[in-house]
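Welcome, and thanks for taking a look at this one with me. Please keep the viewer open while you read.

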Amino acid sequence: ALNNGANILLYYGDKDAVCNWRGGENIANSVPWKSHSDYTEEKYIPWEINGTTYGQIKRYRNLAFLKIFHCGHFVPMDQPFFALKMIEKLIYDWDTEQP
């Protein structure tokens, strides 16, 4: 899907004990696709909404990994405003600097 241009967003709460973000990060860094080496060289940057940092994001082209602060396994329950903004960005505004 990545090689065909599909936008992929992997997101994890930093307090998730069921599916921890380090495991998700390992998955994202291991995905075989044409931009794999470029993706793995990317650094995390703050994910901000209206001046408030809600997490960190690592993105290259159409693959993004998002670590969300103060969230467990159920991101929409722990950070509903952020979860809504994340989905809106994914659906409507992927091509800007942050997904």
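The text below goes through the nonpolar cores, the aromatic contacts, a surface patch and a few distances.

Please keep in mind that this is a predicted model.

**Nonpolar cores**

A good place to begin is the inside of the protein. The largest nonpolar core has 14 residues, and Leu9, Trp47, Leu66, Ile68, Phe82 and Met86 are the members that touch the most others. Strands β2 (45-49), β3 (52-60) and β4 (63-68), along with helix α4 (80-92), each contribute at least two residues to this core. A separate core of nine residues lies apart from it, with Leu2, Tyr12, Trp33 and Leu63 among its members. As general background, nonpolar side chains in soluble globular proteins tend to be buried together.

**Aromatic pairs**

Next come the rings. The model has five aromatic pairs, and two of them are worth a visit here. In the pair of Tyr44 and Phe65, the ring centres are 6.3 Å apart and the planes meet at 75°; planes over 60 degrees apart count as edge-to-face, so this pair falls in that class. Tyr44 sits in the loop between α2 (36-41) and β2, while Phe65 belongs to strand β4, so to speak of distant parts of the chain is fair: the two are 21 residues apart. How buried or exposed are the two partners? Tyr44 has a relative accessibility of 25% and counts as partly exposed, whereas Phe65, at 0%, counts as buried.

Trp47 and Phe82 make another edge-to-face pair, with 5.9 Å from centre to centre and 85° between the planes. Because Trp47 is in strand β2 and Phe82 is in helix α4, this pair ties together parts that lie 35 residues apart in sequence. Both Trp47 and Phe82 are buried, and for Phe82 the relative accessibility is 0%. The two rings also belong to one aromatic cluster, formed by Trp47, Tyr54, Phe81 and Phe82.

**A lysine over two rings**

Lys67 is a residue to zoom in on. Its position is over the face of Trp21, 3.9 Å from the ring centre. The charged end of Lys67 also sits over the ring of Tyr44, at 6.0 Å from the centre of that ring. Tyr44 is thus named twice in this report, as the partner of Phe65 and as a ring beneath Lys67.

**The surface**

Which residues form a nonpolar patch on the surface? They are Ile87, Ile91 and Tyr92, which together have about 360 Å² of accessible area. Ile87 is found in helix α4, and its relative accessible area of 35% makes it partly exposed. Helix α4 also holds the buried Phe82.

Two glutamates can be added here. Glu41, in helix α2, is exposed, with a relative accessible area of 58%. Glu42 lies in the loop between α2 and β2 and is partly exposed, at 31%.

**Distances between C-alpha atoms**

For anyone who likes to check values in the viewer, here are three separations.

| Residues | Apart in sequence | C-alpha to C-alpha |
|---|---|---|
| Glu41 and Asn29 | twelve residues | 9.5 Å |
| Glu42 and Cys71 | 29 residues | 23 Å |
| Phe82 and Arg59 | 23 residues | 18 Å |

To close, Trp47 and Phe82 are good residues to revisit: both are among the members with the most contacts in the largest core, and the two form an edge-to-face pair.

Key. Residues numbered from 1 in each chain as written. Predicted model: local features only at pLDDT ≥ 70, side-chain atom pairs only at ≥ 80, totals over all residues. Heavy atoms only, no water. Core = buried A, V, L, I, M, F, W, Y, C linked by side-chain atoms within 4.5 Å. Buried < 20%, exposed > 50% of the residue type's maximum accessible area, 1.4 Å probe, protein only. Helix = DSSP H or I, 4+ residues; strand = E, 2+ residues; numbered from the N terminus. Phe/Tyr/Trp six-rings, centres within 6.5 Å; stacked < 30°, edge-to-face > 60°. Lys NZ or Arg CZ within 6 Å of the ring centre and 35° of its normal. Patch = residues over 30% accessible without salt bridge, like charges linked within 9 Å, V, L, I, M, F, W, Y side chains within 5 Å. Areas by Shrake-Rupley, 256 points an atom, 1.4 Å probe, with all protein chains shown as cover. Salt bridge = Lys/Arg side-chain N within 4 Å of Asp/Glu carboxyl O.
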